[in-house]
Amino acid sequence: MSSSNSVIVTTDQFAFRQFPKTHAETSATYGGSKMSVTCEAFESICNEYISANGASDACLKEGYAPFCKHIFIPNTAPDGTILCEADVNFLEVTPENESLLRTEYEARNEKELPVLTRYFPSSSIPKSELAKPTFLDVILYSRAQIIKENAATSTPSDPSHTDIPWSIVSIKPQTVDYELPMNPITAMRNALGEEHGGSGKPIDREEYMKAVEFWKKHAVLKE
């Protein structure tokens, strides 16, 4: 995507796995939420939303570190298109469904250290128990952080993104327009450092314990 004054956001290659219409091969092995529109279409929607709603200062919300921001956009585009037709990708753990929980060691790409994760196989949960998203939490990393992490893992940076300040690294379908607690294992992975697939952000104990309170009662859904 070429840069211009109106282009604030592009998509980092880490998020390509969420766009099967644009990156089918990368997306094929991903078990998380996938978008129903192309990568380019979603970038345009994000940039138009930022422009129409007060620009970066108003739209970009603080994340877990200075290099991380969030945009919370409606899951329905202005023309009526549903951007993500997947279900909300987590569920409350109850006595009735806890026997369905599974664990595995997982790395999100070949350069990460695998960590232990807990999840519900999406095929094991009746559709009637799953919520449809009304908002998307679009997680952004700064250009400097993307370059830093790419250098640490010997991953080439896209030269066409040089002048675009923010890149999408993940999109979470949800029913609220604010940030939900980060999964504790993600915080641990981040603390490992860039060379192991993290961001290098040390764990904030207070925030970590808040996340534990949420995630001990919930688990992600995965294909």
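**Exercise 1. A residue with an unusual phi**

Where is Ser-154 found? Work out its backbone and its accessibility too.

*Solution.* Before starting, note that this is a predicted model: local features need pLDDT of at least 70, side-chain atom pairs count only at pLDDT 80 or more, and totals for chains, interfaces and linings use all residues. Residues are numbered from 1 along each chain as its sequence is written, and side-chain values use heavy atoms, with hydrogens and water left out.

Step 1: Ser-154 sits in the loop between helix 4 and strand 8. Helices (H or I, at least four residues) and strands (E, at least two) are DSSP runs, numbered from the N terminus.

Step 2: look at the backbone. Most residues other than glycine have a negative phi. Ser-154 is not a glycine, yet its phi is positive, about 55 degrees.

Step 3: check the surface. Ser-154 has a relative accessible area of 64%, so it is exposed. Buried means under 20% relative accessible area, exposed over 50%, and partly exposed in between (1.4 Å probe, protein chains only).

Step 4: try Ala-55 in the same way. Ala-55 is in helix 3 (residues 55-59) and has a positive phi of about 65 degrees although it is not a glycine. Its relative accessibility is 38%, so Ala-55 counts as partly exposed.

**Exercise 2. An aromatic cluster**

Find which residues form one aromatic cluster with Tyr-141.

*Solution.* Step 1: apply the ring rule. Rings of Phe, Tyr and Trp (its six-membered ring) pair if their centres lie within 6.5 Å; planes under 30 degrees apart count as stacked, over 60 as edge-to-face and the rest as tilted. By this rule there are seven aromatic pairs.

Step 2: take Tyr-64 with Tyr-141. This pair is tilted, at 6.4 Å centre to centre and with 50 degrees between the planes. Tyr-64 lies in the loop between strand 2 (61-62) and strand 3 (68-74) and Tyr-141 in strand 7 (residues 135-142), so the pair ties together parts that are 77 residues apart in sequence.

Step 3: take Phe-67 with Tyr-141. Their ring centres are 5.1 Å apart and their planes at 80 degrees, so this pair is edge-to-face. Both Phe-67 and Tyr-141 are buried, while Tyr-64, at 22% relative accessibility, is partly exposed.

Step 4: put it together. Tyr-64, Phe-67 and Tyr-141 form one aromatic cluster.

**Exercise 3. From sheet to core**

Trace the open sheet, then find the largest nonpolar core.

*Solution.* Step 1: write down the strand order. Five strands form the open sheet in the order 1-8-7-3-2, with mixed pairing; two strands pair if DSSP finds at least two bridges between them.

Step 2: find the edges. Strand 1 (9-11) and strand 2 each pair on one side only.

Step 3: look at strand 7 and strand 8 (residues 166-174). They run antiparallel and are joined by eight bridges, and Leu-140 stands opposite Ile-168 in strand 8.

Step 4: turn to the core. A nonpolar core is a set of buried Ala, Val, Leu, Ile, Met, Phe, Trp, Tyr and Cys residues joined through side-chain atoms within 4.5 Å. The largest one has 24 residues, and Ile-168 is among those with the most contacts inside it, as are Phe-42 and Val-138. Helix 2 (39-52), strand 3, strand 7 and strand 8 each supply at least two residues of this core; helix 2 gives the most, with five.
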